[in-house]
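Please open the structure in your viewer and keep the selection panel at hand. The tour below moves from one selection to the next and says what is to be found at each stop.

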Amino acid sequence: KHNMSLRELRDFAAAAMGHRLLCGTPDSVADGLEEWFVAGAADGFNLMPPWFPGAFDDFVDQVVPILQKRGLFRTEYTGRTLRDHLGLSRPPRSDRTNAN
């Protein structure tokens, strides 16, 4: 598809370390994330940027707004806790005391 030489293919595979590697413009990165998400191949992503800490800033500043415009990334949070954000109910409170 990309007409790579063997060396380019080796370098690309090594950089991915067995994971899907998305690189390119902010739009092309957003396209790749959207493709997997919409197809049901992923319900979330772990980012492994090539450098720290600036690559996270680049992702937040350039890719996240694109995903937000597409309705794929929240623009605000609905609660105060992770449990609230995930829509999970709170477990019943246990009033057990330590029997020691």
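Does D31 count as buried, partly exposed or exposed, and at what relative accessibility? Select D31 in this predicted model, and the computed value is 41% relative accessibility, so D31 counts as partly exposed, since that class covers what lies between under 20% for buried and over 50% for exposed.

**First stop: the partner of D31**

Keep D31 selected and add R70, with which D31 forms a salt bridge whose closest N and O atoms are 2.8 Å apart. The pair links distant parts of the chain, because D31 sits in helix α2 while R70 belongs to the loop between α3 and α4 (82–85), 39 residues away. R70 has a relative accessible area of 31% and is therefore partly exposed.

Now add E34, whose side chain meets that of R70 in another salt bridge, at 2.7 Å from N to O. E34 lies in helix α2 and R70 in the loop between α3 and α4, so this pair ties together parts that are 36 residues apart in sequence. With 25% relative accessibility, E34 counts as partly exposed.

**Second stop: the remaining salt bridge partners**

Select R90 and D84, whose side chains meet in a salt bridge at 3.9 Å, N to O, a distance that falls within the 4 Å cut-off. R90 is exposed, its relative accessible area being 58%, whereas D84, at 28% relative accessibility, counts as partly exposed. Returning to the earlier selection, D31, E34 and R70 are joined into one network by salt bridges that share partners. By the rule applied here, the count comes to three salt bridges.

**Third stop: helix α2**

Select residues 26–38, which make up helix α2. The helix has 13 residues and reaches 18 Å from its first C-alpha to its last, close to the 18 Å expected at 1.5 Å a residue. Within α2, highlight V29, A30, G32 and L33, which are buried. Looking down the axis of α2, you will find that its buried residues fall within an arc of 160°, so they line one face of the helix. To see part of what covers these buried residues, show α3 (54–69), which is included in that cover. Then step past the end of the helix to G40, which follows α2 and has a positive phi, near 80°.

**Fourth stop: a nonpolar patch on the surface**

Select W36, F37, V38, F45, L47, F52 and F56, which form a nonpolar patch on the surface with about 680 Å² of accessible area together. The largest share of this patch, three residues, comes from helix α2. F37 is found in helix α2, and its relative accessible area of 39% makes F37 partly exposed.

**Last stop: D11 and G79**

Finally, select D11, which lies in helix α1 (residues 6–16) and which, at 38% relative accessibility, counts as partly exposed. Add G79 and draw the line between the two C-alpha atoms: D11 and G79 are 43 Å apart in space and 68 residues apart in sequence.

Key
Residues are numbered from 1 along each chain as its sequence is written. This is a predicted model: local features need pLDDT of at least 70, side-chain atom pairs count only at pLDDT 80 or more; totals for chains, interfaces and linings use all residues. Side-chain values use heavy atoms; hydrogens and water are left out. Patches are made of residues with over 30% relative accessible area and no salt bridge: like charges are joined within 9 Å, nonpolar side chains (Val, Leu, Ile, Met, Phe, Trp, Tyr) within 5 Å. Accessible areas come from the Shrake-Rupley method with a 1.4 Å probe; for residues, only the protein chains shown count as cover. Helices (H or I, at least four residues) and strands (E, at least two) are DSSP runs, numbered from the N terminus. Buried means under 20% relative accessible area, exposed over 50%, partly exposed in between (1.4 Å probe, protein chains only). The expected span of a helix is 1.5 Å times one less than its number of residues. The arc is that of the directions from the helix axis to the C-beta atoms. Contact means heavy atoms within 4.5 Å.
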